[in-house]
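Subject: The structure I promised you

Hi,

Here is the structure we talked about, followed by what I found in it. Have it open while you read, and take your time with the terms.

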There are 2 protein chains.
Amino acid sequence: MPKPGAPRPDAYEALFIALAHPARRHILMTLNFEGGDMIAGDIASLFAHAWPTTTRHLKVLEDAGLVRHERQGRERVYRLDHRQLALARDWLDWFFKPTS
Amino acid sequence: MPKPGAPRPDAYEALFIALAHPARRHILMTLNFEGGDMIAGDIASLFAHAWPTTTRHLKVLEDAGLVRHERQGRERVYRLDHRQLALARDWLDWFFKPTS
DNA sequence: CCAACATTTAGCAATTACGCTAAATGTTTG
DNA sequence: CAAACATTTAGCGTAATTGCTAAATGTTGG
């Protein structure tokens with residue numbers, strides 16, 4: 001929720017901020033390992049943190065476009081979205097390409 | 001996932017935090033574009049920020065291992081260090097490899 | 001409909017991040 | 001040696017982040 005007139009954070013900013021927290025990287029790695037989707041409760045149980053703390057991490061990931069979620073009954077299923085991961089990887093890859 | 005034998009689990013934290021700020025990504029891109037090294041003053045002049053603000057960004061980058069510096073007369077030359085960039089890229093690349 | 005369940009939202013406290021200005025440090029030159 | 005230069009360090013204020021607990025929301029089953 002950018003304040004009115006606030007500088008618009010570029011797409012990469014939210015992305016790298018999201019990747020910066022160990023818990024969030026852990027979520028992404030586990031999601032990937034588990035085939036791409038998990039319900040919120042199973043994600044929360046990865047951590048010693050209180051559940052609402054994980055909920056907020058999930059929100060940061062989702063705002064960055066790294067995961068999406070859908071309802072399934074009373075559970076919520078979070079799914080990896082690889083597109084932003086690819087974006088970050090490509091940004092980094094640039095440093096290893098011949099300067100054209 | 002982290003490579004086995006990768007540096008302390010959270011070399012990644014400092015790394016992604018460093019990459020998260022637009023000014024710091026700007027510094028890295030400019031360094032790369034300019035062939036890998038620049039003096040502090042030229043880096044500072046990229047920004048509307050006060051110089052000490054940039055000095056601190058450089059410190060964050062250096063603490064993350066993304067740049068190093070050496071003295072040269074009364075100037076300081078900052079140089080890109082590609083190794084941590086490669087580390088971050090490889091971490092991301094994991095998500096695009098068959099889960100082995 | 002009501003209780004139990006799965007999860008999020010609200011709001012608080014501690015910590016860290018990032019901008020600034022002023023002062024300090026180290027280097028070169030007259 | 002002193003003045004000028006290049007840059008960093010110190011310290012301050014504000015805003016954001018991250019953890020917590022308590023309360024709210026939406027869903028299902030009896």
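Let's start with helix α1 of chain B, where Y12(B), L15(B), F16(B), A18(B), L19(B) and A20(B) are buried. "Buried" has a cut-off here: 20 or more other C-beta atoms lie within 10 Å of the residue's own, while 12 or fewer makes it exposed and anything in between partly exposed, with C-beta atoms placed from the backbone. Helices (H or I, at least four residues) and strands (E, at least two) are DSSP runs, numbered from the N terminus.

Before going on, please keep in mind that this is a predicted model: local features need pLDDT of at least 70, side-chain atom pairs count only at pLDDT 80 or more, and totals for chains, interfaces and linings use all residues. Residues are numbered from 1 along each chain as its sequence is written, and chains are lettered from A and ligands numbered from 1 in the order in which they are written.

Back to α1(B). What do its buried residues pack against? They meet α1 and α2 of chain A, and also α2 (22–33), α4 and α5 of chain B.

Helix α5 of chain B is a nice one to check by hand. At 1.5 Å a residue, its 12 residues (82–93) should span 16 Å, and the end C-alpha atoms are indeed 16 Å apart, so the two agree. (The expected span is 1.5 Å times one less than the number of residues.) The buried residues in α5(B) are Q84(B), L85(B), L87(B), A88(B), W91(B) and L92(B). They cover an arc of only 155° around the axis, which puts them on the same side of α5(B); the arc is that of the directions from the helix axis to the C-beta atoms. Their cover includes α5 (82–93) of chain A and α1 (11–20) of chain B.

Now the two protein copies

Chain A can be laid on chain B with an RMSD of 0.1 Å, using a turn of 180° and a shift of 0.0 Å along the axis. The two copies are thus related as by a two-fold rotation axis. The same surface serves both: 95% of the contact residues of chain A recur in chain B. For the superposition, least squares was used on the C-alpha atoms of residues with pLDDT of at least 70 in both copies. "In contact" means that the C-beta atoms of two residues, placed from the backbone, lie within 7 Å.

How many residues does each chain bring to the contact? It takes 20 from chain A and 20 from chain B. On the chain A side, α1 (11–20), α2 (22–33) and α5 each give two or more residues. That side divides into 12 nonpolar, 3 polar and 5 charged residues. Here Ala, Val, Leu, Ile, Met, Phe, Trp, Tyr, Cys and Pro count as nonpolar, Asp, Glu, Lys and Arg as charged, and the others, Gly among them, as polar.

A look at chain A and a few residues

Chain A has 5 helices and 3 strands, in the order α-α-β-α-α-β-β-α along the sequence. Buried residues make up 26% of its 100 residues.

A88(A) lies in helix α5 of chain A and counts as buried, with 24 C-beta neighbours inside 10 Å. Leaving aside neighbours within four places in sequence, A88(A) is in contact with L15(A), F16(A), L19(A) and L92(B).

Is K97(A), in the segment after α5 of chain A, buried or exposed? K97(A) counts as exposed, with 9 C-beta neighbours inside 10 Å.

V67(B), in strand β2 (residues 67–72) of chain B, is buried, with 25 other C-beta atoms within 10 Å. V67(B) and L80(B) are 13 residues apart in sequence, yet 4.5 Å apart in space, C-alpha to C-alpha.

And the DNA

There are 23 residues around DNA strand C, and G41(A), P52(A), A50(B), P52(B) and G73(B) come nearest. (Near means a C-beta atom, placed from the backbone, within 6 Å of the strand or molecule.) The largest share of that surface, 5 residues, comes from α4(A).

DNA strand D is surrounded by 23 residues, the closest being A50(A), P52(A), G73(A), G41(B) and P52(B). For strand D the largest share, 5 residues, comes from α4(B). The surface near strand D divides into 10 nonpolar, 7 polar and 6 charged residues.

Cheers
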